[in-house]
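I opened a fresh notebook page to get to know this structure. Come along as I look things up, one topic at a time.

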Amino acid sequence: MVSGMRLLTEDRFMEKAQAYQAVLFSRGVDVNIEVVNQLNARFLRLNPDMALCVDASGLWLCGNGMKMQPDWTAEVPRLKRASLKSEMIARACHLSEKPAVIDATAGLGHDSLLMAHLGARITLIERHPILFTLLEDAKNQAESDPFLGQVVARIQLVFSDSAVYLDQLIARQQMTDVVYLDPMFPQRDQHQQVQKKQAQVKKQMQLLHLLLPEQGEMDLGDHLLVLARKIAKRVVVKRPRLAVFLAAQQPDHQWQGDTCRFDAYFNENMY
Ligand SMILES: C[S@@+](CC[C@H](N)C(=O)[O-])C[C@H]1O[C@@H](n2cnc3c(N)ncnc32)[C@H](O)[C@@H]1O
């Protein structure tokens, strides 16, 4: 059980906050509700410590004076511009085939939202209880959006460690078309390996770096590649452009972008 995290809310959202408190508790996070006068930009500036917050926009995280949440509605303009031809991720994951994709490192779910928009059926796996709850909230809200509703109908969320989930698929010999991996990459290494102009971490990604450990214990996901290769026709790994290969395994094919690349591993036996 993780305890001691604050959940800030205004009096009028108390019931909502208690509902989130119960959900988080069921996932091993014990939050203390604190009522504040106004959960506004000024409050966030004066209270830079990380906390969860609940207001009319649902559950979100604050820290360093910023409001952060996996805002899928804000992704709509980007989705509308995207096409199978223009998106490197679409070529890497062969989305024209409308594959079944397991995204084993969900995070904020933005890559999966794009893949689902381009036709993939996605199982999105996240093991961090707070990130998972934020994702679930983003998906629930997207369901009533006229544009996003049909996209998120192709997304299923699973709260699990992907190593456990993939192990279960291996035991049942249950194959899938694509496993997609975008494991964390230490910021300090990005700064060493990636050119300065590319090293700016997007504002929303700071949410992940706030929540997830940066020093020492960060899980870089090498074992996920080994497991994924046993049950997927194709494994696609997103990496910073100059990063080392995951699990030191040379990919069969690469797609290179300005800031990131996609390494693909094909399972010849399954074609
Ligand atoms: C870099 S983020 C992924 C960002 C994501 N591609 C997006 O578009 O927002 C990596 C995420 O994978 C999750 N993760 C890492 N290892 C995992 C595992 N073994 N099982 C489930 N989730 C994992 C982390 O908690 C983190 O949220």
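## Around the ligand

I note before anything else that this is a predicted model.

I began with the ligand and asked which residues come nearest to it. The shell around the ligand holds 21 residues, and Leu 108, Asp 111, Glu 126, Ser 162 and Asp 182 come nearest. I then sorted the shell by class and found 10 nonpolar, six polar and five charged residues.

Next I looked up polar atoms facing the ligand's nitrogen atoms. Asp 111 places a polar side-chain atom 2.9 Å from a nitrogen atom of the ligand. Asp 182 also uses its side chain, with an N or O atom 2.7 Å from a ligand nitrogen. For Ser 162 the backbone does the job: one of its backbone N or O atoms lies 2.8 Å from a nitrogen atom of the ligand.

How much of the ligand's accessible area does the protein cover? On its own the ligand has 610 Å² of accessible area, and the protein covers 97% of it. I also wrote down the elements that give two or more residues to the shell: helix H5 (110–117), strand S7 (121–126) and helix H10 (205–211).

## The seven-strand sheet

S7 led me to a sheet. Seven strands form an open sheet with mixed pairing, in the order S8-S7-S6-S9-S10-S12-S11. Its edge strands are S8 (155–159) and S11 (253–256), each pairing on one side only. On average, neighbouring strands here are turned by 20 degrees against each other, direction ignored.

I picked one pair to follow. S9 (residues 176–181) and S10 (residues 232–240) run parallel and share five bridges. Val 179 stands opposite Val 235 of S10.

Then I checked what packs on this sheet. H5, which I had met at the ligand, touches S6 (100–103), S7, S8, S9 and S10, and its direction makes about 170 degrees with that of S7. Helix H11 (residues 222–231) packs on the sheet too, touching S9, S10 and S12 (260–266), with its direction at about 155 degrees to that of S10.

## The five-strand sheet

I found another open sheet, this one of five strands in the order S2-S1-S3-S4-S5, again with mixed pairing. Why do S2 (29–35) and S5 (66–68) each have one side without a neighbour in the sheet? They stand at the edges with a single partner strand each, so one side of each is left free of a neighbour. The twist from one strand to the next averages 35 degrees.

Here I followed S3 (residues 51–55) and S4 (residues 58–63), which run antiparallel and are joined by five bridges. Cys 53 has Trp 60 in S4 as its bridge partner.

Two helices went into my notes for this sheet. Helix H1 (residues 14–26) packs on it, touching S1 (2–9), S2, S3 and S4, and its direction makes about 165 degrees with that of S2. Helix H6 (residues 129–143) lies across S1, S2, S3 and S4, running at about 135 degrees to S4.

Conventions. Residues numbered from 1 in each chain as written. Predicted model: local features only at pLDDT ≥ 70, side-chain atom pairs only at ≥ 80, totals over all residues. Heavy atoms only, no water. Near = heavy atom within 4 Å. Polar contact = N/O pair within 3.5 Å; in protein donor to acceptor, adjacent residues only side chain to side chain. Areas by Shrake-Rupley, 256 points an atom, 1.4 Å probe, with all protein chains shown as cover. Helix = DSSP H or I, 4+ residues; strand = E, 2+ residues; numbered from the N terminus. Nonpolar A, V, L, I, M, F, W, Y, C, P; charged D, E, K, R; others polar. Pairing = 2+ DSSP bridges. Axes fitted to C-alpha atoms, helices over the stretch in contact; angles between N-to-C directions. Contact = heavy atoms within 4.5 Å.
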